[in-house]
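Hi there,

I promised to pass this one along, so here it is. Have a look at it first, and then read on for what turned up.

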Amino acid sequence: MNIEVTNQIAIVREPGVLVTDGPSAMDLLATARYETGCTAMVLRKGQLDESFFRLSTGLAGEVLQKFVNYQMRLAIVGDFSGYASKPLRDFIRESNEGRQIGFQPDEASALAWLERTGT
């Protein structure tokens, strides 16, 4: 697994879709924790199956619950403006107000958000 560590944050550099269901999220989380010891991670939008962004599938809830349960903070990087779903937009906004899961436009913003909310 291609993972870079910056300021105690695991940045997943592996190309392609990595998270397609709960077990694949758990594998990624465990690998990152084992290989880096980090408790925060940056993923790119394209590393998540597109069904993650259709809340009705339940994939987002299943995946994000793994991160919460195993205390791995997560920033998801990408352009989310193309999603017309009001529930998804609300979910993204509410997540960004918390400290566990955040949706950021770029890697620099994701790292800053994780560092700022990590205390």
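To start with a single residue: is Ser56 buried or exposed? Ser56 is exposed, because its relative accessible area is 74%, and exposed begins over 50%. Please keep in mind that this is a predicted model. Ser56 belongs to the loop between S3 and H2. Its C-alpha lies 9.7 Å from that of Pro87, with 31 residues separating the two in sequence.

Now to the sheet. Its 5 strands form an open sheet in the order S1-S2-S3-S4-S5, and the pairing is mixed. At the edges are S1 (3-6) and S5, each of which pairs on one side only. From one strand to the next, the twist averages 25 degrees.

The antiparallel part comes at the start of the chain. S1 and S2 run antiparallel and are joined by 4 bridges, with Thr6 standing opposite Ile9 in S2. These two strands form a hairpin that has 2 residues between them. Asn7 is in that turn and has a positive phi of about 50 degrees. Gln8 also sits in the loop between S1 and S2, and has a positive phi of about 65 degrees although it is not a glycine. Asn7 counts as exposed because its relative accessible area is 55%, and Gln8 counts as exposed because its relative accessibility is 58%. One longer-range detail may interest you: the C-alpha atoms of Asn7 and Glu115 are 8.1 Å apart, although these positions lie 108 residues apart along the chain.

From S2 onward, the pairings are as follows:

- S2 (residues 9-12) runs parallel to S3, with 2 bridges joining them. Ile11 has Val42 as its bridge partner in S3, and Ala10 has Met41.
- S3 (residues 40-44) runs parallel to S4, with 5 bridges joining them. Met41 is partnered in S4 by Leu74.
- S4 runs parallel to S5 (residues 101-104), with 4 bridges joining them. Leu74 is partnered in S5 by Ile101.

If you follow those partners, you can trace a path across the sheet: Ala10 is paired with Met41, Met41 with Leu74, and Leu74 with Ile101.

Which way do the side chains of S2 and S4 point? In S2, Ile9 and Ile11 point one way while Ala10 and Val12 point the other, and all are buried. S4 (residues 73-77) is mostly covered, with 5 of its 5 residues buried. Arg73, Ala75 and Val77 point one way from S4, and Leu74 and Ile76 point the other way. You may want to look at Arg73 on screen, since it is among the buried residues of this strand.

The helices come in between the parallel strands. S2, H1 and S3 make a right-handed β-α-β unit. S3, H2 and S4 make a right-handed β-α-β unit too, and so do S4, H3 (residues 86-97) and S5. Between H2 and S4 there is a loop that holds Gln71. The phi of Gln71 is near 50 degrees, a positive value in a residue other than glycine. Gln71 counts as exposed because its relative accessibility is 59%.

Finally, the helix packing. How do H1 and H2 cross, and at what angle? The axes of H1 (residues 22-36) and H2 (residues 59-69) come within 9 Å and cross at roughly 30 degrees. That makes H1 roughly parallel to H2, because angles under 35 degrees count as roughly parallel. The crossing of H1 past H2 is right-handed. On the H1 side, the residues in contact are Gly22, Pro23, Ala25, Met26 and Leu29. They meet Leu59, Glu62, Val63, Lys66 and Phe67 in H2.

Happy to hear your thoughts once you have had it open for a while.

Best wishes

Key: Residues numbered from 1 in each chain as written. Predicted model: local features only at pLDDT ≥ 70, side-chain atom pairs only at ≥ 80, totals over all residues. Heavy atoms only, no water. Buried < 20%, exposed > 50% of the residue type's maximum accessible area, 1.4 Å probe, protein only. Pairing = 2+ DSSP bridges. Right-handed = clockwise from strand over helix to strand, strands pointing away. Axes fitted to C-alpha atoms, helices over the stretch in contact; angles between N-to-C directions. Parallel < 35°, antiparallel > 145°, perpendicular 65-115°, else oblique. Left-handed = near helix turned anticlockwise from the far one by under 90°. Contact = heavy atoms within 4.5 Å.
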